[in-house]
Amino acid sequence: MKILFIGGTGIISSASTQLAVERGLDVYLLNRGQSSRAVPEGVHVLHGDVRDPDSLRTALGDHTFDAVVNWVAFTPEHIEADLAAFRGRTRQYVFISSASAYQTPPASLPVVESTPLSNPFWQYSRDKIACEERLTRAYREEGFPVTIVRPSHTYDRTLLPMDGGYTVVNRMRQGKRVIVHGDGTSLWILTHHQDFARGFVPLLGNPHALGEVFHITSDELLSWNQIFEAVAQAAGTKADIVHLPSDMIAAADPRWGAGLLGDKSHSMIFDNSKIKRFVPDFCATIPFFRGAQEIMAWYDADPSRHVVNAALDQTMDELLAAYDRAAPTPAGS
């Protein structure tokens, strides 16, 4: 089976590329050749810019595919370009959407694939919804062979799950306080990219997946307090957590706040029954405490990876100072 990954070397996609090769698929990657990640042996690389129609046309030549996966489509304009490029060239087109497109906050849990799509807080999610709507129309009106996949928070060894990344670990190691939104008890799911790949790769070339939508996540539920504590333990330190309202964080840093109000501040529990029906042997097996150990081993293997965002670090200090000023004075003091 001949497949094309547009991208294919990113955090989510790299494990799927590796697994597809291991399972004997004939894998092509289309990219600009700028990734720092190694391409698995046996993969064919087509050098081109998916955002440049002439470059894309030249790179594709007369290739046709059993499946095309676009890991880097984010807007309806990207989808229109793909419709023009891949009509008649592939038997399946897989769009990588996002679980953040689901109704936020969700009216009911667990989230299933038929949960409404609505996110008034985050433009990224609204763009993904618009992409899905355009592809659904193409499937219904012209039979364009689309499959939609909605990853949730998927990570590899290079990605710390909290906003600020290593900046937060650096604060922990310095004994400084760290910020967790809300009261830290909202439930979240983190999925290792190798687990995601085990659910994703078997969808490629599956005719029953056409016109269908899937999310693929772990079934391990974690509170944000537990996530910070797992990272701290893996980093050989402790987490001195202060809980701040997401609205307060958003007022100080709108970009950080958009990801909280539009995603992370709400409990998200996913029902994975559908992907397990289509891929009966799918099971996520890597718990986050193991993933956290893998992440910190990668960061600590090279001190140049210990990158601190000074501006965000200062914002965190300012938020904590504002929290201290607003804290009630103990009686009798």
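Student: How many residues in the lining of the largest pocket are nonpolar, how many polar and how many charged?

Tutor: The lining divides into 22 nonpolar, 19 polar and nine charged residues. Ala, Val, Leu, Ile, Met, Phe, Trp, Tyr, Cys and Pro count as nonpolar, Asp, Glu, Lys and Arg as charged, and the others, Gly among them, as polar. Keep in mind that this is a predicted model: local features need pLDDT of at least 70, side-chain atom pairs count only at pLDDT 80 or more, and totals for chains, interfaces and linings use all residues. Residues are numbered from 1 along each chain as its sequence is written, and side-chain values use heavy atoms, with hydrogens and water left out.

Student: What makes a space a pocket, and what makes it a cavity?

Tutor: Both come from a 1 Å grid over the protein atoms alone: in a cavity a 1.4 Å probe fits but cannot get out, while a pocket is an open set of points with protein on both sides within 12 Å along at least five of seven lines. A lining residue has an atom within 4 Å of a point. Points are joined across faces, edges and corners, and the volume is the space filled by probe spheres set on them. The largest pocket has a volume of about 1300 Å³. Among its 50 lining residues, Ile11, Ile12, Phe74, Tyr124 and Leu159 are the closest to the centre.

Student: Which element gives the most to that lining?

Tutor: Helix H9 does, with five residues. Why is H9 called a helix? The rule is that helices (H or I, at least four residues) and strands (E, at least two) are DSSP runs, numbered from the N terminus.

Student: Why is H9 described as largely enclosed by the rest of the structure?

Tutor: Eight of its eleven residues are buried, so the description fits. Buried means under 20% relative accessible area, exposed over 50%, and partly exposed in between (1.4 Å probe, protein chains only). The buried residues of H9 include Trp256, Gly257 and Leu260. Together, the buried residues pack against S7, S8, strand S9 (187–188), H7, H8 and H12.

Student: Why is Ser246 called buried?

Tutor: Ser246 has a relative accessibility of 10%, so it counts as buried. Ser246 sits in helix H8 (residues 246–252). Apart from neighbours within four places in sequence, Ser246 is in contact (heavy atoms within 4.5 Å) with His181, Gly182, Leu260, Leu261 and Ser265.

Student: And why is Leu117 called partly exposed?

Tutor: Its relative accessible area is 28%, so Leu117 falls in the partly exposed class. Leu117 is placed in the loop between strand S5 (93–96) and H4. Its partners, not counting residues up to four places away in sequence, include Ala101, Tyr102 and Arg150.

Student: How many disulfides does a search of the whole structure find?

Tutor: Zero. A disulfide would be a pair of cysteine sulfur atoms within 2.5 Å. Two cysteines make a nice contrast: Cys131, at 0% relative accessibility, counts as buried, whereas Cys283, at 44%, counts as partly exposed.

Student: What makes a set of residues a nonpolar core?

Tutor: They must be buried Ala, Val, Leu, Ile, Met, Phe, Trp, Tyr or Cys residues joined through side-chain atoms within 4.5 Å. The largest core here has 42 residues, and Leu160, Ile179, Phe228, Trp256 and Phe288 have the most contacts inside it. Apart from it lies another core, of 27 residues, among them Val149, Phe196, Phe214 and Ile275. In soluble globular proteins, nonpolar side chains tend to be buried together.

Student: Which residues does Trp256 touch, leaving out those up to four places away in sequence?

Tutor: Trp256 touches Asp163, Ile179, Ile249, Leu312, Met316 and Leu319. Trp256 is also among the residues nearest the centre of the largest cavity, together with Met162, Asp163, Ile179 and Phe228.

Student: How many cavities of 30 Å³ or more does the structure hold?

Tutor: One. The largest cavity has about 110 Å³ of space. Its lining divides into twelve nonpolar residues, one polar and three charged, and S8 supplies the largest share, four residues.

Student: What volume does the second largest pocket have, and which element gives the most to its lining?

Tutor: Its volume is about 480 Å³, and H1 gives the most, with six residues. Nearest the centre, of 21 lining residues, lie Ser14, Ala15, Gln18, Arg37 and His193.
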